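Visitor: I have this model open on my screen and would like to walk through it with you. Could you take my questions as they come?

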Amino acid sequence: MRVYLDNAATTPLDKEVFDAMAPFMLEHFGNPSSIHSHGREVRSAIEKARRTVATLLNTSPAEVFFTSGGTEADNAAIVCTCRSLGIKHAITTKLEHHAVLHTMEMLEKQGDVQLSYLRHDERGNLDLEHLEELLANQPRTIVSIMHANNEIGTLNDIEKIGEICRKYDAIFHSDTVQTMGHYKHDVQQIGANFLVGSAHKFHGPKGVGFLYCDASTKIQPLIQGGAQERNMRGGTENVYGIIGLAKALEIAYRDMAEHQKHIQGLKDRMIYKLREQMEDLSFNGMSEFGDKSLYTVLNVSLPASDINEMLLFSLDIAKISASGGSACSSGANAGSHVLRALGVDPLRGSVRFSFSKYNTEAEIDYVAETVAKMYKKELA
């Protein structure tokens, strides 16, 4: 049995999504910027995809811009806001994805912004009173806080954060890459200036994403070139990627209740099976609490053991694909910056299991049993 439990890193492409993309790979090949019929039919398909995404987010198509993925969208929101609006103060957390954290650090190093970090507890819960304190002192600020942490699953109340930001006239960007397609995002309720999506996190293709930018926030493009994306992103559009993104998000919204129930059931089963077979086990962040964490992510803290040095390799040998943290940090010696910020014991093994609609109870049972056997053998 081969088991894939690294869906927070990427998800398998839905066959229904591929079927929607295929004609734009083989038949409808025109450049959408061309004025002839080949170009016009492709332009029409892109705009239809944009309307689909906008409708699902409860916004206008004019506020949806397609990008190469979540990282580009995060960079565009943060960098272009600071440059275009003259923002000199930025607030984020030490738990953000590196697409946000490294971008903020770059701006600080260049002297473009003063960077403040929001306090959090050992579970990754944010101190929103501290956010108010920081904004009260320097109200014209960009605030970048993710919806759910990609490593530990802890959910943030982005509606409340949006409310606080509006109170102090701050620009609010939320990296919603991990939750887009898994929760319904109504931009009218959230009140963020920017939200982000990446298709491969919800069974769409890799290399395509989008940035929601509310119409009142006027920024200049990050990528210069042609007049694509209404002068907001130069470069010929990734046509079949955009078609796939819209189809994948449409399917995600259509089947969300069913999939959430199935995936939450798998996560609960994993927690139960691990606890049943292992001692000295805990869970990082809020990932064990169903209503306070992303239902697709479970971060397990395993006993201190020599096996931890080769944990992911040992799982791979057992035909189990999982992650030790953010997939974008795979192979890095520094380990997880998120777990380090939470003060997790570095001697303990930590593994992130992340689930999708394609996983089964039999797979969960196999993984829990395999992990338990590995540690029982090592600690015997």
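Guide: Gladly, and please keep in mind throughout that this is a predicted model. As a starting point within it, strand β9 and strand β10, which covers residues 297-304, pair in the antiparallel sense over two bridges.

Visitor: Which residue in β10 is the bridge partner of Ser282?

Guide: The bridge partner of Ser282 in β10 is Ser301.

Visitor: And what is the strand order in the sheet they belong to?

Guide: The order is β9-β10-β12, in an open sheet of three strands with antiparallel pairing. The edges are formed by β9, at 282-283, and β12, at 348-354, each of which pairs on one side only. Helix α10, residues 256-277, packs on this sheet and touches β9, β10 and β12, its direction making about 10° with that of β10.

Visitor: Changing topic, which residues have the most contacts inside the largest nonpolar core?

Guide: Those are Met270 and Phe353, in a core of 82 residues. Helix α9, residues 239-254, supplies the largest share of this core, namely nine residues.

Visitor: What does Phe353 touch?

Guide: Not counting residues up to four places away in sequence, Phe353 touches Leu5, Met270, Thr296, Val297, Leu298, Val300, Ala322, Val367 and Val371. Apart from the core that contains Phe353 lies another one, of 23 residues, and among them are Met104, Val177, Cys213 and Met232.

Visitor: Now the seven strands: what order do they take in their sheet?

Guide: They form an open sheet in the order β2-β8-β7-β6-β5-β3-β4, and the pairing is mixed. Its edge strands are β2, at 64-67, and β4, at 114-117, each pairing on one side only. On average, and with direction ignored, neighbouring strands of this sheet are turned by 20° against each other.

Visitor: Does anything pack on it, I wonder; which helix should I look at?

Guide: Look at helix α5, residues 128-137, which packs on the sheet and touches β3 (89-92), β4 and β5, while its direction makes about 175° with that of β3.

Visitor: And how many bridges join β5 and β6?

Guide: Strand β5, residues 142-144, and strand β6, residues 171-174, pair in the parallel sense over three bridges. Within this pair, Val143 has Phe172 of β6 as its bridge partner, and Ile142 stands opposite Ile171 in β6.

Visitor: Are the residues on the two faces of β6 buried or exposed?

Guide: Both faces are covered, since Ile171 and His173 on one side and Phe172 and Ser174 on the other are all buried. As background, side chains in a regular strand alternate between the two faces of the sheet.

Visitor: There is a glutamate I keep returning to, Glu72; is it buried or exposed?

Guide: Glu72 counts as buried because its relative accessible area is 11%, which falls under the 20% limit. Its place is in helix α3, residues 70-85. Leaving aside neighbours within four places in sequence, Glu72 is in contact with Thr67, Leu222, Ile223 and Arg233.

Visitor: What about unusual backbone angles; what is the phi of Asn58?

Guide: Asn58 has a positive phi of about 60°, although it is not a glycine. For context, most residues other than glycine have a negative phi. Asn58 lies in the loop between α2 (37-57) and β2, and Asn58 is partly exposed, with a relative accessible area of 38%. Another case is Asp169, a residue other than glycine whose phi is near 55° and therefore positive in sign. Asp169 is found in the loop between α6 (158-167) and β6.

Visitor: Stepping back, how many helices and strands does the protein chain have?

Guide: The chain has 13 helices and twelve strands, and of its 380 residues 56% count as buried. Among contacts between residues at least 6 apart in sequence, 74% join residues at least 24 apart.

Visitor: What is its radius of gyration, and what box does the chain fill?

Guide: The radius of gyration is 21 Å, which agrees with the value near 21 Å that a compact globule of 380 residues would have. The C-alpha atoms fill a box of roughly 70 × 55 × 35 Å, taken along the principal axes. The accessible surface comes to about 16500 Å², of which 51% belongs to carbon and sulfur atoms.

Conventions. Residues are numbered from 1 along each chain as its sequence is written. This is a predicted model: local features need pLDDT of at least 70, side-chain atom pairs count only at pLDDT 80 or more; totals for chains, interfaces and linings use all residues. Side-chain values use heavy atoms; hydrogens and water are left out. Two strands pair if DSSP finds at least two bridges between them. Helices (H or I, at least four residues) and strands (E, at least two) are DSSP runs, numbered from the N terminus. Contact means heavy atoms within 4.5 Å. Axes are lines fitted to C-alpha atoms, for helices over the stretch in contact, and angles run from 0 to 180 degrees between N-to-C directions. A nonpolar core is a set of buried Ala, Val, Leu, Ile, Met, Phe, Trp, Tyr and Cys residues joined through side-chain atoms within 4.5 Å. Buried means under 20% relative accessible area, exposed over 50%, partly exposed in between (1.4 Å probe, protein chains only). The radius of gyration is taken over C-alpha atoms; the globule rule is 2.2 Å times the number of residues to the power 0.38. Accessible areas come from the Shrake-Rupley method with a 1.4 Å probe; for residues, only the protein chains shown count as cover.
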